[in-house]
Amino acid sequence: PDPPARHASLPAVSPDGKQVAYLPTMAGVRELRLVGTDGAGDRRLIPLDSDAALPGWGTGGKRVTITNVGQNFTSIFSVSLKGHEAKTLVKLPAKGMALSNDGKRLAYVVGTWRASRLMVSEADGKRPRGLTDSTAGWFNMAWSPDDRMLAVTRMDSSGDMQVVLIDHKDGKVPPHTALTAPEERPQWPAWSTDGKRIALQAGHY
């Protein structure tokens, strides 16, 4: 039997706050759709053939990106707002990726889910540099609107999770990183359009 229908999942709001990319799954068919934040203009961009897909935005909101996480590789491809010109941007042996809002830098993770290292490179994967060591697990990266900071989920060796902020230029972690109690297992950070607040998922689920 087909899996349960999902009318909308994994929403990603455009940098200007006017559109939302999301992934519905109906009768086992998954696709990338775009709709205005006022509910108008809902339309399909492209069909998808991967269950491990995460929508996002690149090049200042001019294109929608899709991140596909495979067993050994992660890739990002982008598509125009009209559903044309789909193209692969990067493919690396990584556990997860996040393209900066201006499309110039890439944050990604290498290692295992519990012992990984957060990396930053150019958008094509060249000139990589490490921001962290591999004593914890790092995932669910989100760039701030000005592309200076990364909000990232960190999981320590005991399994406790926390969302922390990291400056991508020097890897420094600001002191105000305890966004919620570790036992609430916070993750999936998302920035407000002005960069002053961060929403996150927390609780037992």
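Visitor: How many bridges join E7 to E8?
Guide: This is a predicted model: local features need pLDDT of at least 70, side-chain atom pairs count only at pLDDT 80 or more, and totals for chains, interfaces and linings use all residues. Residues are numbered from 1 along each chain as its sequence is written, and side-chain values use heavy atoms, without hydrogens or water. Strands here are DSSP runs of E with at least two residues, numbered from the N terminus, and two of them pair if DSSP finds at least two bridges between them. E7 and E8 run antiparallel, and the bridges joining them number seven.

Visitor: Which residue in E8 is the bridge partner of asparagine 68?
Guide: E7 and E8 form a hairpin, with four residues between the strands. Within E8, asparagine 68 has as its bridge partner serine 75.

Visitor: Is strand E8 (residues 74–80) largely enclosed or open?
Guide: Buried means under 20% relative accessible area, exposed over 50%, and partly exposed in between (1.4 Å probe, protein chains only). Thr74, Ile76, Ser78 and Ser80 point one way from E8, while Ser75, Phe77 and Val79 point the other way, and all are buried. Seven of the seven E8 residues are buried, so the strand is largely enclosed.

Visitor: Which residue in E9 stands opposite isoleucine 76?
Guide: E8 also pairs with strand E9 (residues 87–92), antiparallel, over five bridges. Opposite isoleucine 76 in E9 stands valine 90.

Visitor: Which residue takes a positive phi in the hairpin of E8 and E9?
Guide: Six residues lie between the strands of this hairpin. A positive phi near 85° is taken by glycine 83.

Visitor: In E12, which residue is the bridge partner of tyrosine 108?
Guide: E11 and E12 pair in the antiparallel sense over seven bridges. They form a hairpin with four residues between them. The partner of tyrosine 108 in E12 is methionine 119.

Visitor: Which residue in E13 stands opposite methionine 119?
Guide: E12 is mostly covered, with five of its seven residues buried. E12 pairs with strand E13 (residues 129–130) over two bridges, again antiparallel. Opposite methionine 119 in E13 is glycine 130.

Visitor: What is the phi of glycine 125 in the turn?
Guide: Glycine 125 belongs to the hairpin of E12 and E13, which has six residues between the strands. Its phi is positive, at about 90°.

Visitor: Which residue in E15 stands opposite phenylalanine 139?
Guide: E14, E15 and E16 form an open antiparallel sheet in that order. E14 (137–143) and E16 (161–167) each have a single partner strand, so one side of each is left without a neighbour in the sheet. E14 pairs with E15 (residues 149–155) over five bridges. Opposite phenylalanine 139 in E15 is threonine 153.

Visitor: What kind of pair do the rings of tryptophan 113 and phenylalanine 139 make?
Guide: Rings of Phe, Tyr and Trp (its six-membered ring) pair if their centres lie within 6.5 Å; planes under 30 degrees apart count as stacked, over 60 as edge-to-face and the rest as tilted. By this rule there is one aromatic pair. Its ring centres are 6.3 Å apart and its planes stand at 80°, so the pair is edge-to-face.

Visitor: How far apart in sequence are the parts that tryptophan 113 and phenylalanine 139 tie together?
Guide: Tryptophan 113 is partly exposed, at 43% relative accessibility. Phenylalanine 139 is buried, at 13%. Tryptophan 113 lies in the loop between E11 (105–111) and E12 (116–122) and phenylalanine 139 in E14, so the parts tied together are apart in sequence by 26 residues.
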